[in-house]
Amino acid sequence: MSEKSVTEISDDEQGEESTMPNQKKDKEDIEALAQAPDWLPDGWVMEVYRQEDGIINRFYTSPVSDHTFTTEKEVLDYLFSGEDEDILKLREESVADNTLQKAHQWLPKGWVMEIRAGGEKMDKMYKFYVHSETGVRLVSKEDVLLYLCDAEISECDTKGQCDTSSEDNILAKVVLNPSELPDGWVKEEVFRKTKKRVRGDLNYTDPTTGYTFPSLKAALRYLKTQKIPKSAIIQETSVHDLYSFDKSADLPERLRKRLAAMAKHDQKLMTSSQPREISKIEQYHSANGCKFLLPI
């Protein structure tokens with residue numbers, strides 16, 4: 001049997017422990033008030049507050065619309081209005097009309113969109129379709145369908161504009177409708193270079209609210225509680241807008257900055273790994289048998 005949402009109880013700043021003889025009885029009364037009534041639907045949040053003067057206030061909140069009510073009549077009138085059902089229907093329609101999902105309805109499960117930087121000035125981004133099991137990389141919808149029908153692998157040709165021989169220019173890997181989440185969600189792995197390695201940060205975007213969650217655990221918790229954590233954000237450019245292009249597109253400014261930071265990091269590593277040029281003074285002293293405790 002499913003449970004109603006956690007009931008929150010407040011005693012209006014009940015920070016100090018009561019020394020009244022009937023403290024136990026008061027606690028039992030509060031626990032009794034915390035029991036959700038039978039008429040309240042599963043998933044609704046009930047909050048109970050007792051003011052200093054003893055007046056009890058109750059609030060009932062819909063998990064769908066976030067509308068809050070104070071009486072049983074208000075809740076039942078709202079339920080009979082069918083507003084929650086209308087909202088859920090609109091959300092389902094928004095998933096179906098979603099730009100990224102709609103543009104890739106043809107892409108089967110097990111394929112990942114791979115986004116790479118390219119172009120003569122590294123100011124473009126290119127989209128590839130990679131089969132997770134075989135590693136086959138293709139450049140267009142037509143190539144993927146040809147591979148699925150005839151097992152024919154087309155040449156992954158970008159006319160030399162995008163290198164696919166290494167992972168240095170991978171910006172992101174995108175999975176539509178990941179198996180761990182309901183349809184419409186997008187799993188995005190964004191790549192950044194650190195001092196020691198290339199790091200992939202996972203993001204999960206909800207199609208109805210547009211919020212992006214930093215982990216699968218946070219996304220699943222949101223689906224269970226319908227509470228958006230502080231770690232969730234609305235991205236300036238959503239994944240749906242960012243990756244809905246066909247084969248290539250101009251690199252957005254924020255991705256250019258990330259790519260520039262990665263290139264700067266590579267240059268720094270190369271510079272630090274190169275042998276230091278020996279000065280003429282060092283060559284002279286070395287030839288004359290002198291040793292340096294510290295580099296000049």
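**Exercise 1. Strand partners**

Which residue in β10 is the bridge partner of Lys-187? Work it out on this predicted model, then place the strands around it.

*Solution.*
Step 1. Find the partner: Lys-187 bridges to Tyr-204 in β10.
Step 2. Name the strands. β9 covers residues 186–193, and β10 covers residues 198–205. They pair in the antiparallel sense over eight bridges.
Step 3. Look to β8, residues 170–176. β8 pairs with β9 over five bridges, again in the antiparallel sense. Here Val-175 has Lys-187 as its bridge partner in β9.
Step 4. Join the steps. Lys-187 bridges to Val-175 and to Tyr-204.

**Exercise 2. Two hairpins**

Trace β2, β3 and β4, and state which turn residues have a positive phi.

*Solution.*
Step 1. Start with β2 and β3 (residues 56–61). Six bridges pair them in the antiparallel sense. One of the partnerships joins Arg-50 to Ile-56 in β3.
Step 2. Inspect the turn. Five residues separate β2 from β3 in this hairpin, and Gly-54 in the turn has a positive phi of about 90 degrees.
Step 3. Move on to β4, residues 68–69. β3 and β4 run antiparallel and are joined by two bridges. Tyr-60 has Phe-69 as its bridge partner in β4.
Step 4. Inspect this turn too. The β3–β4 hairpin has six residues between its strands, and Asp-66 in the turn has a positive phi of about 70 degrees.

**Exercise 3. Positive phi in two loops**

Where do Met-122 and Ala-151 lie, and is each buried, partly exposed or exposed?

*Solution.*
Step 1. Recall the background. Most residues other than glycine have a negative phi.
Step 2. Take Met-122. Its phi is positive, about 55 degrees, although Met-122 is not a glycine. Met-122 sits in the loop between β5 and β6. Its relative accessibility is 36%, so Met-122 counts as partly exposed.
Step 3. Take Ala-151. Its phi is also positive, near 55 degrees. The loop between α5 and β8 holds Ala-151. Its relative accessible area is 57%, so Ala-151 is exposed.

**Exercise 4. Aromatic pairs**

Classify the ring pairs Trp-44/Tyr-78 and Trp-185/Phe-213 by their geometry.

*Solution.*
Step 1. Survey the structure: nine aromatic pairs are found.
Step 2. Take Trp-44 and Tyr-78. The ring centres are 6.0 Å apart and the planes meet at 70 degrees, so this pair is edge-to-face. It links distant parts of the chain, 34 residues apart: Trp-44 lies in the loop between α1 and β2, and Tyr-78 in helix α2. Both residues are buried.
Step 3. Take Trp-185 and Phe-213. This pair is tilted, with 5.8 Å centre to centre and 35 degrees between the planes. Trp-185 is in the loop between β8 and β9, and Phe-213 is in strand β11, 28 residues apart.
Step 4. Check burial. Trp-185 is buried, at 2% relative accessible area. Phe-213 is buried, at 0%.
Step 5. Extend the picture. Ring pairs link Phe-69 with Trp-44 and Tyr-78 in a cluster.

**Exercise 5. The largest nonpolar core**

How many residues does the largest nonpolar core have, and which elements give two or more residues to it?

*Solution.*
Step 1. Count: the core has 24 residues.
Step 2. Pick out those with the most contacts inside it. Among them are Trp-111, Met-113, Met-125 and Tyr-243.
Step 3. Name the contributing elements: β5, β6, α5, β8 and α7 each give two or more residues.

Key
Residues are numbered from 1 along each chain as its sequence is written. This is a predicted model: local features need pLDDT of at least 70, side-chain atom pairs count only at pLDDT 80 or more; totals for chains, interfaces and linings use all residues. Side-chain values use heavy atoms; hydrogens and water are left out. Two strands pair if DSSP finds at least two bridges between them. Helices (H or I, at least four residues) and strands (E, at least two) are DSSP runs, numbered from the N terminus. A nonpolar core is a set of buried Ala, Val, Leu, Ile, Met, Phe, Trp, Tyr and Cys residues joined through side-chain atoms within 4.5 Å. Buried means under 20% relative accessible area, exposed over 50%, partly exposed in between (1.4 Å probe, protein chains only). Rings of Phe, Tyr and Trp (its six-membered ring) pair if their centres lie within 6.5 Å; planes under 30 degrees apart count as stacked, over 60 as edge-to-face and the rest as tilted.
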